[in-house]
Amino acid sequence: MRKKTFAAAALIAAATLTLSACGSGGGDDSPVAVVSEDGSQKAATLLDQPFEKPDLVLTDTQGKKYDFRKETAGKPTLIYFGYTHCPDICPLTMNNLAVAKKQLSKADQDKLRIVFVTTDPARDTPSELGKWLKGIDPQIVGLTGDFATIQAGARTLGISIEPTHKDKKTGKTVSVHGTQVIAFSPKTNGGYVLYGEDATVDDYTKDLPKIIKGENP
């Protein structure tokens, strides 16, 4: 069982969780290590004070308005903030989730909502998001919109996002962002489980059946 309950002080510290500049070796912030009683690091962090769903009204890959709270109400939901030009952690995370999702029954796959919110809306248009996600899992919801709105929504989940900038070493435009996946319960709509970037396909495969039911992984 991979879990660790966050104490109140640790939850406050979650606001400064690791930022990752995809493909540029990461940010300068140190990660908040989640260590269990036996000293091992766990994939899933069970929050004793769940996050409220962010008030995000953005645009999906079809160019239609998508109200995150309304569309995912009462549904097991995973949210991740990243961008399509990311060469490493973003596609890895989404592919891990997609592979784990396919291990679920058809009924449970239909219940689950996986939402990818871009941190690079200038380049990630609805059509670009759609093309990228089609190669991973067309059922994943891709959202784009105003950067300030996205940044504010992520902040309510303790996820930091910085405006895109050119990396001095590579000359590529990168997005520095938190790499957590937040799972929301279908029972309470609260974000009660947090996964770091080290979470594997096996971690998600083991936990998703319980998250579908709103149980603790």
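Which side chain meets that of K101 in a salt bridge? In this predicted model, the partner is D137, and the N to O distance is 2.9 Å. K101 belongs to helix α3, while D137 is located in the loop between α5 (126-134) and β8 (141-143), so the salt bridge ties together parts that lie 36 residues apart in sequence. Both K101 and D137 are buried.

The overall architecture provides the setting for this pair. The chain comprises seven helices and 13 strands. It contains 217 residues, of which 48% count as buried. Among the contacts with a separation of 6 or more, 68% are between residues 24 or more positions apart. The chain exposes about 10,200 Å², and carbon and sulfur atoms supply 50% of this area.

Salt bridges were then examined across the model. Side chains of opposite charge can pair when their charged atoms come close. A search of the whole structure finds six salt bridges. One of them joins R69 to E52, with the closest N and O atoms 3.3 Å apart. This pair links distant parts of the chain, since R69 is in helix α2 (residues 68-72) and E52 is in the loop between β3 (44-51) and β4, 17 residues away. R69 is partly exposed, with a relative accessible area of 34%, whereas E52 counts as exposed at 58%.

A further salt bridge is formed by the side chains of D108 and K111, at an N to O distance of 3.7 Å. Here both residues lie in helix α4 (residues 106-111), three residues apart, which is about one turn of the helix. D108 has a relative accessibility of 17% and counts as buried; K111, at 44%, counts as partly exposed.

Helix α6 (residues 147-155) illustrates how a helix can be placed against strands. Within α6, the residues I150, G153 and A154 are buried. These residues cover an arc of only 100 degrees around the axis, and therefore they are on the same side of α6. The buried residues of α6 pack against three strands, namely β4 (57-59), β6 (77-82) and β7 (113-118). At the start of the helix, a side-chain oxygen of D146 comes to within 3.3 Å of the backbone nitrogen of A148.

Strand β6 is also followed by a loop that merits attention. T84 is located in the loop between β6 and α3 (89-101). With a relative accessible area of 13%, T84 is buried, because the threshold for that class is under 20%. When residues up to four places away in sequence are not counted, T84 touches F116, D124, L129 and W132. F116 falls within the residue range of strand β7 (113-118), and L129 and W132 fall within that of helix α5 (126-134).

The cysteines were considered next. The structure holds zero disulfides. C90 is in no disulfide, although the sulfur of C86, the nearest cysteine sulfur, is 3.1 Å away. A disulfide requires a pair of cysteine sulfur atoms within 2.5 Å, and therefore the two do not qualify. Both residues are buried: C86 has a relative accessible area of 5%, and C90 has a relative accessibility of 0%.

Strand β5 (residues 65-67) includes K65. At 68% relative accessibility, K65 counts as exposed. Leaving aside neighbours within four places in sequence, K65 is in contact with V57 and L58, which fall within the residue range of strand β4 (57-59). The C-alpha atoms of K65 and G145 are separated by 9.6 Å, although the two residues are 80 residues apart along the chain.

Finally, the backbone of N189 was examined. Most residues other than glycine have a negative phi. N189 has a positive phi of about 65 degrees although it is not a glycine. N189 is found in the loop between β12 (181-184) and β13 (191-195). With a relative accessible area of 26%, N189 is partly exposed.

Definitions and conventions:
Residues numbered from 1 in each chain as written. Predicted model: local features only at pLDDT ≥ 70, side-chain atom pairs only at ≥ 80, totals over all residues. Heavy atoms only, no water. Buried < 20%, exposed > 50% of the residue type's maximum accessible area, 1.4 Å probe, protein only. Helix = DSSP H or I, 4+ residues; strand = E, 2+ residues; numbered from the N terminus. Arc of directions from axis to C-beta. Contact = heavy atoms within 4.5 Å. Polar contact = N/O pair within 3.5 Å; in protein donor to acceptor, adjacent residues only side chain to side chain. Areas by Shrake-Rupley, 256 points an atom, 1.4 Å probe, with all protein chains shown as cover. Salt bridge = Lys/Arg side-chain N within 4 Å of Asp/Glu carboxyl O.
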